[in-house]
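Dear colleague,

I am passing on to you the structure below, together with some notes on what was found in it. Please have it open beside you as you read.

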Amino acid sequence: MFFFTHTCFFLLLSLLYAFDLKNVFMCYLILFALLHIYLKITLPVSPLPDKKIWKHAPDGVLTSKLAHLFMSPPLARLDWLAVIWRSCIPPSHSFVFWRLMLSKLPTDENLRLRGCTLVSVCVLCFREAETSSHLFLHCEFATIIWKWLSVKLRCIISLASYSSILDCIPRPCSSQLLDVFAAALVHTVHTIWLARNAIHFSHTNVSIHASMAKYRPLLLCLVLTPKAIV
Ligand SMILES: [Zn+2]
């Protein structure tokens, strides 16, 4: 009823505006739209009290289950699991990527969400608070490594989200090429996480070049012999 009243009010205003412009055709269209809306609405015979409804539920009733699904919608695509869990990638590296995708890594952001009170700063750049998206996607430390990797793989790596990182994998492609791309992306995430932990817990000064130097041989090994790392 509220929507209907306001729609009628808007259309009447439009009608007056159209009359000013002496646009007969416009008046005809507005009257037709008004009539169409009026005929579609079933008005109650007796007055009923207004009530709040949850428009995402078929019956309008908000339950805790619906609220949880709305706040934490299930992941639409799960094929990334088959990409990151591969025999050529050490499980410990895939595990980091898996936890990142599920927001399970103990970054400052996730610890705060779980009730920890702490001062947060990205230890890789000391410019912003440590969120998962900043640490792995937008931090200068991470973006330099991702740019370097995109040059090596000759592809564009999207840093819009964690899952979009995997979109650079060409489809369809051979299993060997999939191994190389998947391993490179998973190792990159693992390298960023290791660098963060080294500074965070050991107060070690980790440089970008040192981090890349650690997993560059790993990538070369994969390119030459895809099944070498098991
Ligand atoms: Zn940073």
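A question to begin with: is valine 123 buried or exposed? This is a predicted model, and in it valine 123 counts as buried, because 20 other C-beta atoms lie within 10 Å, and a residue needs 20 or more of them to be called buried. Valine 123 sits in the loop between H6 and H7, and, once its neighbours within four places in sequence are left aside, it is in contact with Arg196, Ile199 and His200. With the last of these, histidine 200, valine 123 forms a pair that is 77 residues apart in sequence but 6.6 Å apart in space, C-alpha to C-alpha.

As for the protein overall, there are 11 helices and zero strands, so that you will meet nothing but α elements as you follow the chain from the N terminus. Of the 230 residues, 20% are buried. Among the contacts with a separation of 6 or more, 49% are between residues that stand 24 or more positions apart.

The largest nonpolar core has 31 residues, and the members that touch the most others are Ala142, Leu185, Val186, Val189 and Ile192. Two or more residues are given to this core by each of helix H5 (91-101), helix H7 (132-138), helix H8 (140-153) and helix H10 (175-202), and of these H10 contributes the most, with nine residues. In soluble globular proteins, nonpolar side chains tend to be buried together. Isoleucine 192 touches Leu135, Phe136, Phe141, Ala142 and Ile145, if residues up to four places away in sequence are not counted.

H10 deserves a separate look. Its 28 residues should span 40 Å at 1.5 Å a residue, and the C-alpha atoms at its ends are 38 Å apart, which agrees with that expectation. Just after H10, histidine 203 takes a positive phi of about 55°.

How H5 and H10 pack is the next point: their axes are 8 Å apart and meet at an angle of about 85°, which means that H5 is roughly perpendicular to H10. On the H5 side the contact is made by His93, Ser94, Val96, Phe97 and Leu100, and on the H10 side by Val186, His187, Val189, His190 and Trp193. Sorted by type, the residues of this contact are six nonpolar and four polar, with no charged residue among them.

Finally, two loop residues have a backbone angle that you may wish to look at. Serine 103, in the loop between H5 and helix H6 (108-113), has a phi near 55°, which is a positive value in a residue other than glycine; with 13 C-beta neighbours inside 10 Å, serine 103 counts as partly exposed. Arginine 154, which lies in the loop between H8 and helix H9 (162-165), likewise has a positive phi of about 55° although it is not a glycine. Arginine 154 counts as exposed, because it has 7 C-beta neighbours inside 10 Å, and the limit for that class is 12 or fewer. From arginine 154 to cysteine 168 the separation is 14 residues in sequence and 9.7 Å in space, C-alpha to C-alpha.

With kind regards

Notes. Residues numbered from 1 in each chain as written. Predicted model: local features only at pLDDT ≥ 70, side-chain atom pairs only at ≥ 80, totals over all residues. Core = buried A, V, L, I, M, F, W, Y, C linked by C-beta atoms within 7 Å. Helix = DSSP H or I, 4+ residues; strand = E, 2+ residues; numbered from the N terminus. Contact = placed C-beta atoms within 7 Å. Axes fitted to C-alpha atoms, helices over the stretch in contact; angles between N-to-C directions. Parallel < 35°, antiparallel > 145°, perpendicular 65-115°, else oblique. Nonpolar A, V, L, I, M, F, W, Y, C, P; charged D, E, K, R; others polar. Expected span 1.5 Å × (residues − 1).
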